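Work through the following exercises with the sequence and the model open side by side. Each task is followed by a solution in steps.

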Amino acid sequence: MIAGLNAYIALSALLFAIGFFGVLLRKNTLVIYMCLELMLVASTLALVAFSRFNGTMDGNVFVFFILTVAAAEVAVGLAIIVALFRRRQTVQVDELDSLKH
Amino acid sequence: MTPASLAILLLLLPLGSAALIGLFLRRQGALASWISVTAATGIALVAGHLVFRGLRFEAATEWLRFGDFAISLGFKFDDLAALMLAIVALVGLCVHVFSLGYMHDDPSRARYFGGLSIFMFSMLGIVLADNLFMMFIFWELVGFSSWLLINHWHEKTSASDAAKKAFIVNRVGDFGFLLGIIACYWALGAVNLTEIAAKVHGGATVVAAIPLLLFCGAVGKSAQMPLHVWLPDAMEGPTPVSALIHAATMVAAGIYMLCRIEPLFAAAPAIALNVVMWIGVITALYAAFCAIAQRDIKKVLAYSTLSQLGYMVAAFGLGSLQQTLHSDAGSFDVLVSAGVGAAMFHLTTHAFFKALLFLGSGAVIHACHHEQDIFAMGGLRKKTPLTFITFTIGVAAISGFPFLAGFFSKDAILHLALEKNHFVFGILAFTAVLTAFYMTRLWKLVFLGAPRSESAEHAHEVGPTMALPLVVLAVLSVFGGYTAIYGHVFDGVLSLVPHAEGSTILMVSLVILIVGAGGALVFYQPAATDTFEQKFPGLFSLLASKLFIDEAYNYYVAKIQQRFAMLLNFFEQIVLAGLIIRGLAGVVGLFGLGARALQTGRLSAYVYWFLIGVVLLWGFAAGWTFP
């Protein structure tokens, strides 16, 4: 059996939902970060599937851009988290609440 | 030098002197006094050159411009200004020289002479000003210098109170003056005196309110009823100041201003001049009555000044006179502003003899070691012969003794009154009787009889710096009435003076003099108590109460105005400050409090806000509408 477009979309939506709820509910910055990446991957999966089933290259081009931007973002984001840990000795978002009124 | 630059020099001399003294010489009394006197001498020389060389000019330069509205500074030096300038310069110089002696031992005489200089500057500004705004600026400056000089002995509460009173009462009048200037600009589009005259001659109509509002300024500055209350109190200042500011020049500035704006009165309905006339008549009579019951030598002179100023205002208010001119082409009737002529003529002679009387009283006070009560004096005729002679000339001149200065000017006013209004003539003639009466009373009590106190016993004659101004002013009080001597220089003004024909007025003046002066000579005994008070205690206490006008003002300010102000303050606190200002701030603050609660610092909370925002944005993009 060959998987149809709906199966790809469903998987993509599932991955996106996992990532989204991870961002909402998890407390560790690194985990939240991984969940963000998961959402990006979910959207690239959907784009690749559209590209494959439409027979055009548009979706694939998007994916290249997203991967490039994500790589840069990871480099910056991880550096920030490492710097944050050095300063505050924690990466739990509950304890990172000094930016309030 | 051009006449305009001479006029600027005239203003710069006293201003420079005042600045020099105020900035550098506050502790150098001797140097400061000489600088000030030098400036006054310079003023007299420059003024003499301008006046007697017949230099008459107008010059103006723009100072400030707001759109169509421009304020200019300029000079209008016509015969009227020349006459006033001559008076100010001459009396100013006399008072400066007199002050050298009178204030010699005062510890803060540098401040005093600086004040005199700033006064001269301000007064010359009024005299030379060519528009009402400039006049108003200098008008306020003379008010300031008057405050400064009344306040000279500020450690005395009475002096500082008097200074404040003078300043505040003048503010009331000046407010009307300012409104009048604005109204004048609004109605005629001009504040320049020459332009105003041109517009009025061109047929512009003037409502009575405009000259009357401007007259408010004169009521304050020239101390007319009902704003006369400050002048008697202003006698707290040093006596030369009273002579210069509160007798000869500043208080006369009101009459001078009226003469400057005479075209407005001529164009306005007759009611304006009538109001002016009655205020002058009432002031003249009221002040003459008050003067009878005063014990303080300076207070008598102050009320006398009030009365004479009332005379001038009344003369102005009597207005123009129909005169028949005879010439080769036949005779024709012309309207002559006789009021201006008579008022300015009396202003001139009054400046001389009243300055003389005040300086004479200064000499008396100085001789008696600062005793001012006339019932504690007496017998000064032998102790201070020069003061006695000059003071006698002053008394004779103000009483209208024939062929002295006051005789001619008072006759001019009485003649004008007789032509225009018999009732006014009666009151003014009666005022003249009172004038002769209280001046003779003063003269007899001070100079005749035996000394009635220790200080009068040891009185001593004044030194040369104080004697010289007395002699100069006495000479002027004798010859000041003969316009034939100097009239051609000021022809524009003094040709307007009405001259009595026939002997009616002469007889009237003689009767006035005999009844007034003779009555006082016979009536008053040189004793330590007032004969009038002993014989008519009821009438005396009525006159001494000055009709309770001060008390009425006190009551008004303390009980009515103060309570109204407190009520307004209450509303201000509750409505303005409480509801509007604090209320608005509170509402905004509540919003702020709500918005601040969103800012928790918790990342997950922000994600929820973000989520809600995305949903709303999405909904908006999809075209949802709220039910």
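**Exercise 1.** What percentage of the 627 residues in chain B do buried residues make up?

*Solution.* The structure is a predicted model, in which local features need pLDDT of at least 70, side-chain atom pairs count only at pLDDT 80 or more, and totals for chains, interfaces and linings use all residues. Residues are numbered from 1 along each chain as its sequence is written, while chains are lettered from A and ligands numbered from 1 in the order in which they are written.

Step 1: apply the cut-offs. A residue is buried if 20 or more other C-beta atoms lie within 10 Å of its own, exposed if 12 or fewer, and partly exposed in between, with C-beta atoms placed from the backbone.

Step 2: read the share. Buried residues make up 50% of chain B.

Step 3: check the confidence. The average pLDDT (the predictor's confidence in each residue, from 0 to 100) is 86 for chain B, and 98% of the residues score at least 70.

**Exercise 2.** Find how helix α10 of chain B is placed, and what its buried residues pack against.

*Solution.* Step 1: locate the helix. Helices (H or I, at least four residues) and strands (E, at least two) are DSSP runs numbered from the N terminus; chain B has 28 helices and four strands.

Step 2: count. In α10, residues 239-248 of chain B, 10 of the 10 residues are buried, so the helix is largely enclosed by the rest of the structure.

Step 3: list the partners. Contacts here are residue pairs whose C-beta atoms, placed from the backbone, lie within 7 Å. The buried residues of α10(B) pack against several helices of chain B, including α3 (79-102), α14 (297-318) and α15 (338-367).

Step 4: take one residue. A355(B) touches A243(B), A247(B) and A248(B), among others, and these three are among the buried residues of α10(B).

**Exercise 3.** Is strand β1 of chain B well covered or hardly covered?

*Solution.* Step 1: count again. Zero of the 10 residues of β1 (residues 57-66) of chain B are buried, and the strand is hardly covered.

Step 2: find the partner. β1(B) pairs with β2 (residues 69-77) in the antiparallel sense over nine bridges; two strands pair if DSSP finds at least two bridges between them. One bridge joins E58(B) to K76(B) in β2(B).

Step 3: inspect the turn. The two strands form a hairpin with two residues between them, and G67(B) in the turn has a positive phi of about 60 degrees.

**Exercise 4.** Which residues does T600(B) touch, not counting residues up to four places away in sequence?

*Solution.* Step 1: place the residue. T600(B) is in the loop between α27 (549-597) and α28 (603-622) of chain B. It counts as partly exposed because it has 15 C-beta neighbours inside 10 Å.

Step 2: list the contacts. T600(B) touches K100(A) and A605(B).

Step 3: widen the view. Eight residues of chain A are in contact with eight residues of chain B. The predictor gives the complex an ipTM of 0.74 and a pTM of 0.78.

**Exercise 5.** Where does the backbone of chain B depart from the usual pattern?

*Solution.* Step 1: recall the rule. Most residues other than glycine have a negative phi, and most peptide bonds are trans.

Step 2: check the peptide bond. From M225(B) to P226(B) it is cis, with omega near 0 degrees.

Step 3: check phi. H369(B) has a positive phi near 55 degrees and F403(B) one near 70 degrees.

Definitions and conventions. Two residues are in contact if their C-beta atoms, placed from the backbone, lie within 7 Å.
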